[in-house]
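Here is a friendly walk through the helix packing of one model. Please keep the sequence and the 3D view open as you read.

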Amino acid sequence: MYQWWRVYEEGSPADAASLSWTQFSQMFLREFVPQTLRNTWHVEFEQMHQGTMSVSEYAVRFSDLSRNAPTLVSTVREGVRSFVEGLSYGIRLSMARELEMDVPFQHVVESTLRLEGMQGQERYDREAKRPLRSGGSTGP
């Protein structure tokens, strides 16, 4: 890999502009990852949803797949949009504001983790308020 990079740098004009991370990632993927595997990652990324995963699990999986599909999330805003659109409905609904703003990806992840925690606490509180039902007869 280092050899490939050296050859690239030596073949570039001295006054050539530096590569962006997205450009480097795309070149690297084209050089070292078969197209069929890249196609599989793209499809998996495009179809990804939180489903039964926790927000933490979803964020890790999203980050892993997005690294392999840089053209689908070439800007922070596109990454945030894709992440939010894949969240479960309740959390996605609460995160609609972040889609309209230039919010850093990590901030969105932290916000969704807080929302997930609040929803879990709300469920716990509801369950704790339910009266206990016994299954036997009452009285002597």
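In this predicted model, Val-76, Gly-79, Val-80, Phe-83 and Val-84 of helix 5 meet Phe-105, Val-108, Val-109 and Thr-112 of helix 8, where contact means heavy atoms within 4.5 Å. By class, this contact has seven nonpolar, two polar and no charged residues; Ala, Val, Leu, Ile, Met, Phe, Trp, Tyr, Cys and Pro count as nonpolar, Asp, Glu, Lys and Arg as charged, and the others, Gly among them, as polar. Helices here are DSSP runs (H or I, at least four residues), numbered from the N terminus.

The axes of helix 5 (residues 76–85) and helix 8 (residues 105–129) come within 9 Å and cross at roughly 20°. That makes helix 5 roughly parallel to helix 8. Axes are lines fitted to C-alpha atoms over the stretch in contact, with angles from 0 to 180 degrees between N-to-C directions. Angles under 35 degrees count as roughly parallel, over 145 as roughly antiparallel, 65 to 115 as roughly perpendicular and the rest as oblique.

Which residues of helix 5 are buried? They are Gly-79, Val-80, Ser-82, Phe-83 and Val-84, with buried meaning under 20% relative accessible area, exposed over 50%, and partly exposed in between (1.4 Å probe, protein chains only). Their cover includes helix 3, helix 4, helix 6, helix 7 (96–99) and helix 8.

Two further helix pairs are worth a look. Helix 4 (residues 55–67) and helix 8 pack at an angle of about 155°, with their axes 9 Å apart. Helix 4 and helix 8 are therefore roughly antiparallel to each other. Helix 4 brings Val-55, Ser-56, Ala-59, Phe-62 and Ser-63 to this contact, and helix 8 brings Phe-105, Val-109, Thr-112, Leu-113 and Glu-116. Sorted by class, the contact of helix 4 with helix 8 has six nonpolar, three polar and one charged residues.

Helix 3 (residues 35–46) packs on helix 4 at an angle of about 140°, with the axes 9 Å apart. Here Trp-41, Glu-44 and Phe-45 of helix 3 meet Arg-61, Phe-62, Leu-65 and Ser-66 of helix 4. The residues of this contact divide into four nonpolar, one polar and two charged.

Three single residues show different degrees of burial:

| Residue | Place | Relative accessible area |
|---|---|---|
| Ile-91 | helix 6 (residues 89–94) | 1%, buried |
| Ser-111 | helix 8 | 8%, buried |
| Glu-110 | helix 8 | 38%, partly exposed |

What does Ile-91 touch, not counting residues up to four places away in sequence? Its partners are Gln-50, Val-55, Thr-112, Leu-115, Glu-116 and Gln-119. Ile-91 and Gln-119 are 28 residues apart in sequence and 8.8 Å apart in space, C-alpha to C-alpha. With the same exclusion of residues up to four places away, Ser-111 touches Met-95 and Glu-98. Glu-110 lies 55 residues from Val-55 in sequence and 9.3 Å from Val-55 in space, C-alpha to C-alpha.

A word on confidence: pLDDT is the predictor's confidence in each residue, from 0 to 100. The protein chain averages a pLDDT of 83, and 91% of the residues score at least 70. Among the elements of the chain, helix 1 (residues 2–11) has the lowest mean pLDDT (72) and helix 4 the highest (92). Where pLDDT is low, the predicted coordinates should not be read in detail.

Residues are numbered from 1 along each chain as its sequence is written, and side-chain values use heavy atoms, with hydrogens and water left out. Local features need pLDDT of at least 70 and side-chain atom pairs count only at pLDDT 80 or more, while totals for chains, interfaces and linings use all residues.

Note on methods. Helix = DSSP H or I, 4+ residues; strand = E, 2+ residues; numbered from the N terminus.
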